[in-house]
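Me: Got a structure I'd like to talk through with you. Mind if I throw some quick questions at you as I scroll around?

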Amino acid sequence: MKKKKVILTLGVIALSASLVTAVFAQQPETSPGTPEQQVLSVEGFTNHEQLGKKLQQIAKSSQGKVQVEVAGYSNRGREIYKATVGHGDKVILMESEIHGNEPTGTEALLNILKFLGSNSPEAQKIREEVTFVALPKMNPDSSELNRRGNDLTWEEVVEDFPQLAGGEPTWNYYTYQNRFFDYASQPGFDVNRDFNPNLDYVPQPEDFPGNSSQPGWFITPESQVVRDVYKDLQAEFGKVDVFVDLHHQAPYYEVDGTDDLVTFSISGQFVPHPSTPEGQKYAEYADTYDYDFARQLNVAVYDALQEKGNSNINLYPQGLDLPGTALGTFALNGSGSVLFEVRGQTHSMGQKKKGELVKAVERGLYGIINGVADGTVYDIDPEEYESIPLTEGRRL
């Protein structure tokens, strides 16, 4: 993967879609509940330059307990940072900003890294049981442009993979332009459709352009970096026990029967179970796929938030078949995988809700971290997952 020139530009305020939105559409709808003219400031969220400085400060303050390194580079040459803390044999990998306008997870991960690197007795106990790895901003080009897609042309992909010359661009390639997006002058890909359960997959022309229910291709530098981090952890520890992907959901949802807004949605289901007729195409992963553990982790999140009074937490729509997502890929490879989908996005929530939502994400993540560290998550009945309210309220 070649290193490319750094281009530090800020793009237009971008409007994005939820995890299952048909992102191949050339003119996506604006987010329900967001005034059409509304454009809010993203100042106050950590940008790429600030992230490097904050991570180095956390590493310094931790006196070496938090280790920060560059795991790789984005297409435009920006560092993709990896932070590691702890030396336990249970591995938790978390990432944020696979979509660049979904930043509350980044703030939550920075706060967690600061705590886990402290001298707190509780943090010390966690470090003894867990190896915690964070990719706080895994798609920095997208983040700097404040949009969903990265900054990569199909021509650059073909340059890296000459066997694709003459083929069609992938279905998740953005080239449209409207008042919110300028993918016409700076095309890009939805990186969260570029993963493949076969971690050694090499792009093949017959697999293009693909579709949303098929695996991705590892054609973006950003997905390649995440894959390599995952494979390195597998090689060192045998498996990655937990994978968490931190997102935002563009629509606002009402809780059924109320006027309350869903704070965020969670999920542990991204592909059909390999043992079902719908999941037979994933039969080779039947021995590694651990849906029960994913459900236990989600219940741990839900319980942790309920204990703190965060009641408006719902299940994300179920029945998904998305092997090209990081969550689908790593779930099939044996990780208990958890999706966080926080309400709103940078364009629609501004600063007013930032602190509240970041704190809610932190509380949910500590439900996972503490549950894995002390072992209580393994005692949860997976069937409790089915009792978490499903997001069926109307979109606003």
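Me: Which helix supplies the largest share of the lining of the second largest pocket?
Reply: That's α10, with eight residues in the lining. Keep in mind that this is a predicted model.

Me: And how many residues line that pocket in total?
Reply: The lining of the second largest pocket has 16 residues. A304, R363, Y366, G367 and N370 are the ones nearest its centre.

Me: Which elements give at least two residues each?
Reply: α7, spanning 291-307, and α10, spanning 354-374, each supply at least two residues of that lining.

Me: What's the volume, and what's the class mix of the lining?
Reply: The volume of the second largest pocket is about 330 Å³. Its lining has seven charged residues, five nonpolar and four polar.

Me: OK, switching to the packing. Which residues touch the most other members in the largest nonpolar core?
Reply: F132, F340, L365 and I368 do, in a core of 57 residues. The largest share of this core, ten residues, comes from α10.

Me: So α10 again. What does I368 touch?
Reply: Leaving out residues up to four places away in sequence, I368 touches I92, M94, V242, V244, L297, V301, V338 and F340.

Me: Is there another core, and which residues does it include?
Reply: There's a second, separate core of 26 residues, and L135, V226, V240 and F270 are among them.

Me: V242 and V244 were on your I368 list. Which way do they point from β7?
Reply: V242 and V244 point one way from β7 together with L246 and H248, while F243, D245, H247 and Q249 point the other way. Both sets are buried.

Me: Why call β7 largely enclosed?
Reply: Because eight of the eight residues of β7, which covers residues 242-249, are buried, the strand is largely enclosed by the rest of the structure.

Me: Which strands does β7 pair with?
Reply: Strand β3, residues 90-96, runs parallel to β7 and is joined to it by five bridges. Strand β10, residues 336-343, also pairs with β7 in the parallel sense, over eight bridges.

Me: Give me a residue pair for each. What is the partner of L93, and what stands opposite V244?
Reply: L93 has F243 in β7 as its bridge partner. V244 stands opposite V338 in β10.

Me: Over to β1 and β2 now. Do they run parallel or antiparallel?
Reply: Antiparallel: seven bridges join β1, residues 66-73, to β2, residues 79-85. One pair to click on is E69, which stands opposite K82 in β2.

Me: What about the turn, how many residues are between them?
Reply: Five residues sit between β1 and β2 in that hairpin. In the turn, G77 has a positive phi of about 85°.

Me: Back to α7. Is V299 buried or exposed?
Reply: V299, which is in helix α7, counts as buried because its relative accessibility is 2%, against a cut-off of under 20%.

Me: What does V299 touch?
Reply: Not counting residues up to four places away in sequence, V299 touches I380, E384, Y385 and I388. The C-alpha atoms of V299 and S387 are separated by 9.3 Å, and the two residues are 88 apart along the chain.

Me: Last one, the overall numbers. How many helices and strands, and what percentage is buried?
Reply: The protein has ten helices and ten strands. Of its 396 residues, 59% are buried. As for contacts between residues at least 6 apart in sequence, 80% join residues at least 24 apart.

Technical notes. Residues are numbered from 1 along each chain as its sequence is written. This is a predicted model: local features need pLDDT of at least 70, side-chain atom pairs count only at pLDDT 80 or more; totals for chains, interfaces and linings use all residues. Side-chain values use heavy atoms; hydrogens and water are left out. On a 1 Å grid over the protein atoms alone, a cavity is a set of points where a 1.4 Å probe fits but cannot get out, and a pocket is an open set with protein on both sides within 12 Å along at least five of seven lines; lining residues have an atom within 4 Å of a point. Grid points are joined across faces, edges and corners, and a volume is the space filled by probe spheres set on the points. Helices (H or I, at least four residues) and strands (E, at least two) are DSSP runs, numbered from the N terminus. Ala, Val, Leu, Ile, Met, Phe, Trp, Tyr, Cys and Pro count as nonpolar, Asp, Glu, Lys and Arg as charged, and the others, Gly among them, as polar. A nonpolar core is a set of buried Ala, Val, Leu, Ile, Met, Phe, Trp, Tyr and Cys residues joined through side-chain atoms within 4.5 Å. Buried means under 20% relative accessible area, exposed over 50%, partly exposed in between (1.4 Å probe, protein chains only). Contact means heavy atoms within 4.5 Å. Two strands pair if DSSP finds at least two bridges between them.
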